[in-house]
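Biologist: Before we use any of these labels, I would like to go through them one by one and hear what each of them rests on. Could you show me the model and then take my questions in turn?

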Amino acid sequence: MRIPILKLYDCLLVSIQWELDDATALQFQEDLLHKIHETSANGVVIDITSIDFIDSFIAKVLGDVFSMSKLMGAKVVITGIQPAVAITLIELGISLEDVLTALDLEKGLEKLQQELGD
């Protein structure tokens, strides 16, 4: 199953609504990078509120998605990080230095718009 990626002005919105398996995570990575290229999006908001737990492979793929999006010129805001997910990301050494975070999708959109100067 593919994760929907919606375009809103010059941004992309992603809301992951189920736990990710390896194949879905890799497909999402590919789909998002193609969508950034196709739309010339300046920003991406990824909401992971529904994800309660991630394993090391999914954490690595998400970290790669953040880094790859940045390389393609899109600022990333991640929203809805659950405590267990935050702990896993830190324990695995996944760097989120240049990734903005927000508690929910609405605050994430506001933060991205501020960053983009709109």
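Biologist: What makes strand β2 and strand β3 partners, and in which sense do they run, parallel or antiparallel?

Modeller: This is a predicted model, and in it five bridges join β2, residues 11–15, to β3, residues 43–47, with the two strands running parallel. Since at least two bridges are required for a pair, the five found here satisfy the criterion. Leu 13, for example, has Val 45 as its bridge partner in β3, and Ser 15 stands opposite Asp 47.

Biologist: How do you know in which hand the chain crosses from β2 to β3?

Modeller: The path goes from β2 through α1 to β3, and this β-α-β crossover is right-handed; the label is given because, with the strands pointing away from the viewer, such a path runs clockwise. The crossover from β3 through α2 to β4 is likewise described as right-handed. There β3 and β4 pair in the parallel sense over five bridges, one of the partnerships being that of Asp 47 with Thr 79 in β4.

Biologist: What makes the pairing of the sheet mixed, and what is the order of its strands?

Modeller: The order is β1-β2-β3-β4-β5 in an open sheet of five strands, with mixed pairing. On the antiparallel side of that description, β1 and β2 are joined by four bridges, among them the one between Leu 8 and Cys 11, whereas β2 and β3 run parallel. β1 and β2 also form a hairpin with two residues between them, and Tyr 9 in that turn has a positive phi of about 55°.

Biologist: Why are β1 and β5 said to stand at the edges?

Modeller: β1 (5–8) and β5 (100–102) each have a single partner strand, so one side of each is left without a neighbour in the sheet.

Biologist: How do you know that the length of α1 agrees with its number of residues?

Modeller: With 18 residues at 1.5 Å a residue, α1 should span 26 Å, and because its end C-alpha atoms are 26 Å apart, the two values agree. As for its placement, α1 (residues 22–39) lies across β1, β2 and β3 and runs at about 160° to β2. Its buried residues, which include Phe 28, Leu 32 and Ile 36, pack against β1, β2, β3 and α2.

Biologist: What makes β3 a mostly covered strand?

Modeller: Five of its five residues are buried, and burial here requires under 20% relative accessible area. Gly 43, Val 45 and Asp 47 point one way from β3, while Val 44 and Ile 46 point the other way. That pattern can be set beside a general rule: in a regular strand the side chains alternate between the two faces of the sheet. β2 is mostly covered too, with four of its five residues buried.

Biologist: Why is Ser 50 called partly exposed?

Modeller: Its relative accessibility is 30%, so Ser 50 counts as partly exposed, given that buried means under 20% and exposed means over 50%. Ser 50 lies in the loop between β3 and α2 (56–71), and, residues up to four places away in sequence not being counted, it touches Ile 16, Gln 17, Trp 18 and Glu 19.

Biologist: What makes the largest nonpolar core a single set, and how many residues has it?

Modeller: It has 29 residues, and those with the most contacts inside it include Val 14, Phe 28 and Ile 46. They count as one set because buried nonpolar residues are joined through side-chain atoms within 4.5 Å. α2 gives the most to this core, with six residues. Phe 28 illustrates the joining, for beyond its neighbours within four places in sequence it is in contact with residues including Ile 3, Val 14, Ile 46 and Leu 62. A second, separate core of six residues includes Cys 11, Leu 13, Val 77 and Leu 112.

How values were computed. Residues are numbered from 1 along each chain as its sequence is written. This is a predicted model: local features need pLDDT of at least 70, side-chain atom pairs count only at pLDDT 80 or more; totals for chains, interfaces and linings use all residues. Side-chain values use heavy atoms; hydrogens and water are left out. Contact means heavy atoms within 4.5 Å. Axes are lines fitted to C-alpha atoms, for helices over the stretch in contact, and angles run from 0 to 180 degrees between N-to-C directions. Buried means under 20% relative accessible area, exposed over 50%, partly exposed in between (1.4 Å probe, protein chains only). The expected span of a helix is 1.5 Å times one less than its number of residues.
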